[in-house]
Amino acid sequence: MAASKARDASSSKHTQASAGDAAPIGALTRPAFAIIFCLSITTAFGNTGMQSILPAIGRQIGMADILVPAIFSLSALLWGFSSPYWARRSDIVGRKPMMLLGLAGFMISMVCCGLVVSAGLIHWASPLVIFVLFLLSRAIFGVLGSASNPASQAYVAERTTRRERTEQMAALAGAFGLGTVIGPFAAQLFVLPVVSLAGPMFAFALLAAGMMAVVWRYLPEARPPLVPPATEHGLTPEPTRFEPKLRSSLWRDPRLTPFLIYGFLTASCQTVNAQSLGFMIIDILHLPPMQALGFAQVAMGAGAISGLLAQWGLIRMFRMQPRHLVRWGAGLAAVANLIIAFAPSYWAVVAGYALASLGYGFCRPGFTAGASLAVTGAEQGRAAGAIAAINGSSVIFAPVLGVWLYETLHPAPYLLNTAILAALLAFALMNPTLRTVGSEPTTEDETSAAQLDRAEQGGLTL
């Protein structure tokens, strides 16, 4: 009887606290989601568009193939360090300012990259000097551009219920997929006579400037900071029973660690596939880089469409939860990499890449939504920063390793991917956190009651 009263009192108190917390934030409106969606498309549009023409740029300038993917390494390293910082800042100053900062970084980086490529194409400096300048220009995106990703994810997470979050995260991930469809094809349209291969980067910078104006003018954000205010004595209030203190390090948090491991490895495998695709198509067709550019864009487009099929179609159709997504994603991508490893023709490569993208299209919302569901509302920004960091970190060594393995033995990077993804499938089936994510209570009241039940059963003092 006493336990029941305690449960009712705690649930009532927690419901009131939750309602008080949720009221300033409100529901995610369609116009707001549309703006976040377009922001994500913009960055994906530019990054994959540039990625699709990098092999051609490298060979036109005279860079060694191994240097081309290394252009992303410093940027990815800086992204990994800066994302958690910007996520914490977004908890204090709000999500919208961080989105604007990220778009500004993207725009500045693209302008600088375009200028460097222009200088390289007219042989203003040696290929090694151009490489260093390109590396530093891209690093601007790693430092500043990383601000928008965790802010966007946290903006969506804190305005959706647990039931809605997987589908909304999948839809947001679909924005990246749509950007990867448009980016490679649009990049070719902006390869113009005067600016040549630098044209797409200037065009992407203009697009980012327009998106900044839209976010600044139309994205609503009216909420107090999530960081608790100081009392009159300069101390912050103690958290309630159901609002625990933020963990000092989310990286070692057992709620998140399985998702970070899974996310880092799947993102690394996806990066290897994407970075080596252009070189593989140039070699399998035996064409000059500029002539093979269109074929590479067709393959990337097929992969992006497969990713959209997963994120906008299959996940919603079958109401897949994160625990399903991490299993199907790793399994499909493992089979696809085996197909690519022994692909006898261009169309076999395209089919394998499309199947791999379908698998990765399950993986990304699986570990992203799973991580969001694993933490409290007050920790959404920091969790989003951790996810953004591992996505960035996956580009530090994976591209260089993938291209090096490809040059050594063409099937090698894809066989390595197959082994890693098969291990991740086993991990998803055996790890308790990954095996059960999404099956927990889906409302705050249900969660409170379940926590009380577990406490009582374990003989804990409430």
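**Exercise 1. Describe how helix α2 and helix α8 pack, and state which residues meet.**

Step 1. Two packed helices are described by the angle between their axes and the distance between those axes.
Step 2. In this predicted model, α2 spans residues 30-61 and α8 spans residues 199-218. Helices are DSSP runs of H or I with at least four residues, strands are runs of E with at least two, and numbering starts at the N terminus.
Step 3. The angle is about 170°, and the axes lie 10 Å apart. Axes are lines fitted to C-alpha atoms, for helices over the stretch in contact; angles run from 0 to 180 degrees between N-to-C directions.
Step 4. α2 is therefore roughly antiparallel to α8. The classes are roughly parallel under 35 degrees, roughly antiparallel over 145, roughly perpendicular from 65 to 115, and oblique for the rest.
Step 5. Contact means heavy atoms within 4.5 Å. On the α2 side, the residues include Ile35, Phe45, Gly46, Gly49 and Ile57. On the α8 side, they include Pro200, Phe204, Ala208, Met211 and Tyr218.

Two notes on the model. Residues are numbered from 1 along each chain as its sequence is written, and side-chain values use heavy atoms, with hydrogens and water left out. Local features need pLDDT of at least 70, side-chain atom pairs count only at pLDDT 80 or more, and totals for chains, interfaces and linings use all residues.

**Exercise 2. Trace the salt bridges of Arg95.**

Step 1. Side chains of opposite charge can pair when their charged atoms come close. The criterion for a salt bridge is a side-chain nitrogen of Lys or Arg within 4 Å of a carboxyl oxygen of Asp or Glu.
Step 2. Asp91 pairs with Arg95, with 2.8 Å between the closest N and O atoms.
Step 3. Glu158 also bridges to Arg95, at 2.9 Å from N to O. This pair links distant parts of the chain, 63 residues apart: Glu158 sits in the loop between α6 (148-157) and α7 (162-189), Arg95 in helix α4.
Step 4. Check burial. Buried means under 20% relative accessible area, exposed over 50%, and partly exposed in between (1.4 Å probe, protein chains only). Arg95 is buried because its value is 0%. Glu158 is buried too, at 13%.

**Exercise 3. Locate the salt bridge between Arg316 and Glu167, then name the network around Asp91.**

Step 1. The closest N and O atoms of Arg316 and Glu167 are 3.5 Å apart.
Step 2. Arg316 lies in helix α10 and Glu167 in helix α7, so the bridge ties together parts 149 residues apart in sequence.
Step 3. Arg316 is partly exposed, at 36% relative accessibility.
Step 4. Shared partners join Asp91, Arg95, Glu158 and Arg159 into one salt-bridge network. The structure holds 8 salt bridges.

**Exercise 4. Examine the loop between α4 and α5.**

Step 1. The loop runs between α4 (95-121) and α5 (127-144), and Trp124 lies in it. So does His123.
Step 2. His123 has a positive phi of about 55° although it is not a glycine.
Step 3. His123 is exposed because its relative accessibility is 55%. Trp124 is exposed at 59%.
Step 4. Trp124 joins Ile122, Val129 and Leu133 in a nonpolar surface patch of about 430 Å². Patch residues have over 30% relative accessible area and no salt bridge; like charges are joined within 9 Å, nonpolar side chains (Val, Leu, Ile, Met, Phe, Trp, Tyr) within 5 Å. Accessible areas come from the Shrake-Rupley method with a 1.4 Å probe; for residues, only the protein chains shown count as cover.
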